[in-house]
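Visitor: I'm new to this one, so could you pick a single part and take me through it slowly? I'd like to know what sits beside it and how covered it is.

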Amino acid sequence: MNASPAIVILGASALATARRVQALYPRARIHGLQGRVEGADEPYQDFGDTLRALYRAGTPIIALCAAGIVIRSLAPALQEKGAEPPVLAVAEDGSAVVPLLGGLAGVNRLAREIATALEVAPAITTSGELRFGACLLEPPQGYALADIEQGKRFVADLLGGESLRIEGDAPWLAAARLPLAEDARRRVRVTCEARPAQRDELLIHPRQVLAEVQAPVDDLAALVHKALAHAHLAPAALAALLAPRRHMADARLAEAARALGVPLRFVAGEPLPPVHGAHEGIHLRLAESPAQAAAIGRPRGRLSVIGLGPGAAEHMTPAVRRALDEAQDLLGYETYVKMAEPLRADQVRHCSDNREEMQRARHAFELAAGGRRVVVVSSGDPGVFAMAAAVIEALHESADAEWHNVELEVLPGVSAALAAAARAGAPLGHDFCLISLSDNLKPWEVIEKRLDHAGAADLAMAFYNPISRARPWQLGRALEIVRQHRAAETLVVLGRDIGRPAEALRSLTLGELQPEMVDMRTLVIIGSSLTRRFPRAGGGDWVYTPRWYR
Ligand code: SAH
């Protein structure tokens, strides 16, 4: 388990037990339902959303509530592919510890630790584990069980009274209570060799084979399989695909690694383990241990420039959620990095001032060029008055091949104008433009000219960065220009903190609009001459701009 667990509670009555569990895992945060739990580290709004978000982030979950609530809440997320973190239900009075999910991620170990601290017996239900104190069918990272069905029969035999011997290096079994005997018929066999598991053995492959390619070619995965077969090595023993750094951006390498189900790593002249076999340009190298194999080369770094959407988690795209879950480093304005929570304790936050865009972009490339998975966080959409352009400009200005080799992606988000418009109805339903009223990065005269032209063209307009303490008069001047083209009855929508707890939406007319009604957390929409409104049942108005024009 590499992430600290999240302790999730529903009511204040669970807080005392939560604190006892937290004493075991000091970096774990207690998530408490907002309004019901005082003193939690992380208030949350919705139990189900919170649990699923934690689960998707791979965060181990210790829920202090009924097991049934946890099961029902996580059910939709269980269908999704991805790693399964440990999930436990703990009785809020500390009287029961029930491991629910994440058998492969050490849930039973966690259950034992918590139960010991709470002085109760954990509700372990895995037979082999109960008897032997270790789960034989879940070898640790770096090892793969060859045949799970054969493994189950093997464990059943042991439970039936058979003894066993260990052949090969299985350090994790040293602490287990196994019925060992030198002359046992059953054996645990740890080997890279390719062969079917026999009836009387538990065959485990250590991932210590490295397939090294000199130059990318088509159908690389098939070639690697051939080379493995030629050398009598099990595909499950493959730890990684290695390639020279200069081929980092070649898509065929990434595709082959994906097809082989192993990481792709790049080397640049460092010493490598000895060659075990070579076949059609593939060198198979054998590391001394899975740990050694895992430490060779470094991955291609990735830089994802993402948009969180306006605020609410439900308006964040799944692609963005995934990038956040996979990130090792996050860069951005502190408010936005906070909006990206929940984050794991092992994810490094590099918060900086909102204005240091180019510096932040370069920092992001430096981290990604070193092989890290980096996310640059913007609110809304990253391409709308946000970080994407700065990141790509930093790359454009750079001649560093390592920066250009980074896997760069821009993941879109729901921009404030679209979020605010949707709340109001469809004020941007016809042609429109987006204008930032900030003259930090462009001369004010340019803004005036664009406002004048947009006004003349009868485009609906969305104003970003409409006003701030440092730019107090600009909005008033902008409205003067707009009023030269639009009647006082022209409709205006003000959306403030859309998608966030303090959300406020208002429709009014251009004649009524005063700069004092607007702050920097507001998105201003000025309708076209055809934008209209009518009362909506339940209060407020529907505002829309029809698709037609006359
Ligand atoms: N990339 C962002 C915009 C950044 S500029 C996006 O696509 O939404 C910052 C401006 O966006 C703010 O001054 C405000 O005008 C607007 N804005 C951002 N989030 C908002 C929200 N949740 N509600 C209303 N306006 C918002």
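Guide: Let's start with two arginines facing each other: R165 stands opposite R187, and R187 belongs to strand β9. Before going further, this is a predicted model, where local features need pLDDT of at least 70 and side-chain atom pairs count only at pLDDT 80 or more, while totals for chains, interfaces and linings use all residues. Residues are numbered from 1 along each chain as its sequence is written, and side-chain values use heavy atoms, leaving out hydrogens and water.

Now, back to our strand. β9 covers residues 186-190; strands here are DSSP runs of E, at least two residues long, numbered from the N terminus. On one side, β9 pairs with strand β8 (residues 164-167), in the parallel sense and over four bridges. To count as a pair, two strands need at least two bridges found by DSSP. β9 has another partner too, strand β10 (residues 201-206), again in the parallel sense over four bridges. There, V188 stands opposite L202 in β10.

How covered is β9, then? Mostly: five of its five residues are buried, meaning under 20% relative accessible area with a 1.4 Å probe and protein chains only. It helps to know that side chains in a regular strand alternate between the two faces of the sheet. In β9, R186, V188 and V190 are on one side, with R187 and R189 on the other, and both faces are covered. So the R187 we began with, opposite R165, is buried, and its neighbour V188 is buried as well.

Key:
Buried means under 20% relative accessible area, exposed over 50%, partly exposed in between (1.4 Å probe, protein chains only).
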